[in-house]
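Biologist: Please take a close look at a single part of this model for me. I would like one connected account, with the rest brought in where it helps to place that part.

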Amino acid sequence: MQNNLIIGGIALLAVGTYAIRFAGYRLGSRMQMSDRARNMLSDAATVLLLAVAVTTALFEGTHFAGVARIAGVLFAVFLAWRRTPLILVIIGAALMTALLRYFGVP
Amino acid sequence: MRLGAVPLDRGVIKAIFLVCLADGIVGLSYGSLAAAEGFPLWVPIALSTLVLAGASEFLFIGIVAGGGSPLTAAAAGLLVNARHLPFGIAVKDLVGKGSRSLLGCHIMNDESVVFGISQPKLAQRRAAYWICGLGIFTIWPLSVIGGAVIGRFIPDVSAIALDAVFPAILIALIFPALRQRRTLIPATLGTTLSVLATPFVPAGMPVLFSLLGLLSWRECKNAK
């Protein structure tokens with residue numbers, strides 16, 4: 001068993017991931033920011049999160065994730081647009097996707 | 001942190017609880033998968049406590065189980081986690097100062113960031129970030145251990161539609177921000193770039209492409 005290599009891999013991933021988080025925090029704390037830059041950075045997080053959400057809704061790895069998941073997420077978007085409470089948005093998305101899968105939609 | 005003084009809506013707290021629960025079920029599934037692939041228990045335990053970033057852990061396990069080198073797997077995982085750098089810049093005020101920030105950085109993930117930035121006031125943003133972050137930091141390793149110990153029982157994450165729940169939560173929480181043109185235009189543009197890039201580049205990179213959407217960012221458009 002390649003135990004030592006696995007330990008090395010985990011250590012690299014753990015230390016690297018922490019360094020990435022910490023570097024962002026330190027970088028943000030050190031920058032002298034105008035209001036404009038501050039607004040843009042808070043939008044940067046939103047841009048990233050939307051990209052995370054949409055790519056995980058559409059893809060499983062590099063393949064299309066299937067209709068049921070996308071329909072559930074679209075239903076959630078509709079509910080959010082109607083200002084439905086968050087809990088119902090979450091439950092609505094899960095129900096929509098689960099029902100479609102139950103009826104055989106991929 | 002005194003729980004009685006948490007300045008959050010009950011609805012937000014319930015939503016955080018639900019997200020932690022969903023993460024717990026994914027953790028069970030991940031733990032049992034790691035055990036089924038023949039990994040000793042300490043591997044998922046170390047990953048879930050020290051890395052604490054689900055997508056990169058799955059990738060690590062998947063690559064190593066498929067015969068890849070653990071160092072390659074770590075590099076691939078780091079690419080997936082690269083988005084935490086801009087996240088860190090964006091949530092610097094929520095992470096805290098001094099020694100507290102050392103833990104504050106570790107609990108940074110999609111969920112804690114999205115709950116944090118979607119609250120209206122700084123005190124609420126901090127509380128949401130920390131409660132969600134600590135909640136996941138607790139439930140993720142526990143559920144992963146649980147899944148690995150239970151072993152063969154693998155909850156089917158797709159049958160209960162949890163794969164739709166995570167994008168749904170992210171979108172619902174950033175939706176109010178997306179009602180502003182200032183945010184909507186770069187977000188739409190950036191996300192389009194990410195989607196177009198996904199089939200062609202390694203995991204983690206497409207999401208970074210979305211930052212190019214910020215080139216279209218204009219402050220004045222927010223006047224409404």
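Modeller: What follows is centred on one helix, α10 of chain B, and then works outward to both chains. The model is predicted, and that applies to everything below.

Helix α10 of chain B covers residues 162-178. The domain assignment splits chain B into domain 1, residues 3-176, and domain 2, residues 179-224.

One partner of this helix within its own chain is α1(B), residues 10-36. The axes of α1(B) and α10(B) lie 11 Å apart, and the two helices pack at an angle of about 145°. The crossing of α1(B) past α10(B) is left-handed. On the α1(B) side the contact is made by V19(B), A22(B), I25(B) and V26(B). Facing them from α10(B) are L162(B), V165(B) and I169(B). Sorted by class, this contact holds seven nonpolar residues, with no polar and no charged ones.

The helix also takes part in the contact between the chains. Chain B puts 74 residues into that contact and chain A puts in 59 residues. Of the chain B side, α10 supplies 13 residues, the largest share. That side of chain B is made up of 51 nonpolar, 16 polar and seven charged residues. Helix α10(B) thus appears twice in this account: in the packing with α1(B), and in the side of chain B that touches chain A.

The contact between the two domains of chain B is described separately. The centres of domain 1 and domain 2 of chain B, taken over C-alpha atoms, are separated by 23 Å. Eight residues of domain 1 of chain B touch eight residues of domain 2 of chain B. On the domain 1 side the largest share comes from helix α4 of chain B, residues 70-81, with three residues. The residues on that side of domain 1 are seven nonpolar, no polar and one charged.

Now chain B as a whole. Chain B has 12 helices and zero strands. Its radius of gyration is 18 Å, close to the 17 Å that the globule rule gives for 224 residues, so chain B is as compact as a globular protein of that length. Along its principal axes the C-alpha trace of chain B spans about 55 × 50 × 40 Å.

Chain A, the partner across the interface, has four helices and two strands. From the N terminus on, the elements of chain A run α-α-β-β-α-α. A compact globule of 106 residues would have a radius of gyration near 13 Å, but chain A has 20 Å. The C-alpha trace of chain A spans about 55 × 50 × 25 Å along its principal axes.

For chain A there is also a record to set beside the model. An unreviewed UniProt entry lists residues 6-28, 40-58 and 86-104 of chain A as "transmembrane region". In the model, residues 40-58 of chain A are 100% helix and 0% strand, with the end C-alpha atoms 27 Å apart. Residues 86-104 of chain A are 89% helix and 0% strand, and there the end C-alpha atoms are 28 Å apart.

Technical notes
Residues numbered from 1 in each chain as written. Chains lettered and ligands numbered in written order. Predicted model: local features only at pLDDT ≥ 70, side-chain atom pairs only at ≥ 80, totals over all residues. UniProt positions renumbered as here; feature names shortened; annotations may be inferred. Domains from an automatic or database assignment. Contact = placed C-beta atoms within 7 Å. Nonpolar A, V, L, I, M, F, W, Y, C, P; charged D, E, K, R; others polar. Axes fitted to C-alpha atoms, helices over the stretch in contact; angles between N-to-C directions. Left-handed = near helix turned anticlockwise from the far one by under 90°. Rg over C-alpha atoms; globule rule 2.2 N^0.38 Å.
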